[in-house]
Amino acid sequence: MVLLPLMMCGVLAGVDVVRWLRGRLDLFDPKAIIACIAFYGCFVTPILHVSWDRFGVNNDLPLSGDWRDWLGYMAALNAAGLLAYHLIHNSVFQRSTPSKFIWKIDRNKFYSSFALALACSVAGVSFFLWQMGGIAGMVR
């Protein structure tokens, strides 16, 4: 019974991950990014905790007692949140209209702006390292 809400999380987040993998969602589409994070955090991670029987940043905290019920409650809350996200996302984007403006990169302006930004970055890092006394000063 514990795995049912966990599988719901995997399906709700996995649909958009599959769409992203098949090229139906753009690489930097916020829906794809949210789906990848939700799939890992709400589906893969709890399964790994169960299979490894460990928890924590470095998996250094052993889990004691029977915590599977709490895993099911957590998965049910995650599934409810993902379901609410999908319902709200679909209802909002069904009513919205596409933008009238098309954004394109002007290559001439991009290269000059990029060169200026790169020069400013190199100057800033050089000044910072000079103030710190080089990399050795930073390490100290």
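In this predicted model, the side chains of Arg 19 and Asp 16 meet in a salt bridge, with N and O 2.9 Å apart. Both residues belong to helix H1, and because they are three residues apart there, about one helical turn separates them. The two partners differ in how much of their surface can be reached. Arg 19 has a relative accessibility of 36%, so Arg 19 counts as partly exposed. Asp 16 has a relative accessible area of 2% and is therefore buried, since the cut-off for buried is under 20%.

Asp 16 has a further partner. Lys 31 also forms a salt bridge with Asp 16, and here the closest N and O atoms are 3.9 Å apart. This pair connects distant parts of the chain, as Lys 31 sits in helix H2 (residues 30-52) and Asp 16 in helix H1, with their positions 15 residues apart in the count. Lys 31 and Asp 16 are both buried. Taken together, Asp 16, Arg 19 and Lys 31 make up a network of salt bridges. A search of the whole structure finds two salt bridges.

Another residue of helix H1 is Trp 20. Its relative accessibility is 27%, which means that Trp 20 counts as partly exposed. Between the C-alpha atoms of Trp 20 and Ile 33 there are 9.1 Å, while the two residues are 13 apart along the chain.

The next topic is how the helices are arranged. Two packed helices are described by the angle between their axes and the distance between the axes. Helix H1 covers residues 3-21 and helix H3 covers residues 68-95; their axes come within 8 Å and cross at roughly 30°. Angles under 35 degrees count as roughly parallel, and H1 and H3 are therefore roughly parallel to each other. Their crossing is left-handed.

Helix H3 can also be compared with helix H2. The axes of H2 and H3 come within 12 Å, and the angle at which they cross is roughly 170°. Angles over 145 degrees count as roughly antiparallel, so H2 and H3 are roughly antiparallel to each other. The crossing of H2 and H3 is left-handed.

Within helix H3 lies Gly 81. Gly 81 counts as partly exposed because its relative accessibility is 38%. From Gly 81 to Phe 101 is a step of 20 residues along the chain, and their C-alpha atoms are separated by 33 Å.

Helix H4 spans residues 107-132, and Phe 114 is one of its residues. With a relative accessibility of 47%, Phe 114 counts as partly exposed. Phe 110 lies in helix H4 too. Its relative accessible area is 39%, so Phe 110 is partly exposed. Both phenylalanines take part in a nonpolar patch on the surface, formed by Ile 105, Phe 110, Tyr 111, Phe 114, Leu 118 and Val 122. Together these residues have about 650 Å² of accessible area.

Two separations place residues of helix H4 relative to other parts of the chain. Phe 110 and Val 50 are 60 residues apart along the chain, and 49 Å separates their C-alpha atoms. Ser 112, which is in helix H4, has a relative accessible area of 47% and is partly exposed. Ser 112 and Arg 95 are 17 residues apart in sequence, and from C-alpha to C-alpha they are 39 Å apart in space.

To go back over the main points: Asp 16 is buried and is linked with Arg 19 and Lys 31 in a network of salt bridges. Helix H3 runs roughly parallel to H1 and roughly antiparallel to H2. Helix H4 holds Phe 110 and Phe 114, and these two residues are among those that form the nonpolar surface patch.

Methods:
Residues numbered from 1 in each chain as written. Predicted model: local features only at pLDDT ≥ 70, side-chain atom pairs only at ≥ 80, totals over all residues. Heavy atoms only, no water. Patch = residues over 30% accessible without salt bridge, like charges linked within 9 Å, V, L, I, M, F, W, Y side chains within 5 Å. Areas by Shrake-Rupley, 256 points an atom, 1.4 Å probe, with all protein chains shown as cover. Salt bridge = Lys/Arg side-chain N within 4 Å of Asp/Glu carboxyl O. Helix = DSSP H or I, 4+ residues; strand = E, 2+ residues; numbered from the N terminus. Buried < 20%, exposed > 50% of the residue type's maximum accessible area, 1.4 Å probe, protein only. Axes fitted to C-alpha atoms, helices over the stretch in contact; angles between N-to-C directions. Parallel < 35°, antiparallel > 145°, perpendicular 65-115°, else oblique. Left-handed = near helix turned anticlockwise from the far one by under 90°.
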